[in-house]
Amino acid sequence: NFYIGNNETATGFYRQVPGITPNMAGQQKDAVRGAEKALGRSVSEAETSDYFFGLAWRWIREHPGDAARLFALKLGYAFHAQHIALPFSYPFYAYDARTMLRFYAIGPWLLAPLGLVGLIFAAPRTERTNYLIWLSFVPAYAVGVAAFFVAERYRLPLLVPLSIGAGAAIDFA
């Protein structure tokens, strides 16, 4: 996953790696096969992970400007309102899983900007340290998502604090 999000053809979203089947079973088997072919020997799953992790870091070191631009782009995507489809995304839970989300008119398109405004401008005046510790989840998690590649299912946990921030923004207004 780190290599998928950090290489010369990375876009910030999931992209199939040539020679690796785009499903969990295929990725597990084909990634090992690809690493073995590149290294010329049998490798373990840990060595396979190290191989692809190393490829990504080599690209980052050799193209720091491109890597920085890609990371900034992915960080923006982490808060973007557009749904980024993979299984278990917001639309999956809203429409395919037949949850209550399908009845809500408010979604990420409003929660992200309103939530960020609320988290910043409606911060409590007391218990500031505790609030900042809790708030640190939002940028830390967004950076964690952006370090790999952005997909809807990885952004879902951000909706919880953004919902709280949106409520705070409305209350503040």
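Trainee: In this predicted model, is Phe 121 buried or exposed?
Mentor: Phe 121 is found in helix H6 (a DSSP run of H or I, at least four residues, numbered from the N terminus). Its relative accessible area is 58%. Exposed means over 50%, buried under 20% and partly exposed in between (1.4 Å probe, protein chains only), so Phe 121 is exposed.

Trainee: Which helix gives the most to the nonpolar patch?
Mentor: The patch (Val, Leu, Ile, Met, Phe, Trp or Tyr side chains joined within 5 Å, each residue over 30% relative accessible area and without a salt bridge) consists of Val 117, Ile 120, Phe 121 and Phe 172, about 460 Å² (Shrake-Rupley). With 3 residues, the main contributor is helix H6, residues 108-121.

Trainee: Which helix gives the most to the largest nonpolar core?
Mentor: This core (buried Ala, Val, Leu, Ile, Met, Phe, Trp, Tyr and Cys joined through side-chain atoms within 4.5 Å) has 19 residues, and Ile 20 and Phe 52 are among those touching the most other members. Helices H1, H2, H3 and H4 each supply at least two residues. The leading contributor, with 5 residues, is H3.

Trainee: How far from Lys 74 is the nearest side chain of opposite charge?
Mentor: Lys 74 lies in helix H4, residues 64-79. It is buried yet has no salt bridge (Lys or Arg side-chain nitrogen within 4 Å of an Asp or Glu carboxyl oxygen). Lys counts as positive and Glu as negative; the nearest opposite charge, Glu 8, lies at 12 Å.

Residues are numbered from 1 along each chain as written. Local features need pLDDT of at least 70 and side-chain atom pairs 80 or more, totals for chains, interfaces and linings use all residues, and side-chain values use heavy atoms, without hydrogens and water.

Definitions and conventions. Patches are made of residues with over 30% relative accessible area and no salt bridge: like charges are joined within 9 Å, nonpolar side chains (Val, Leu, Ile, Met, Phe, Trp, Tyr) within 5 Å. Accessible areas come from the Shrake-Rupley method with a 1.4 Å probe; for residues, only the protein chains shown count as cover.
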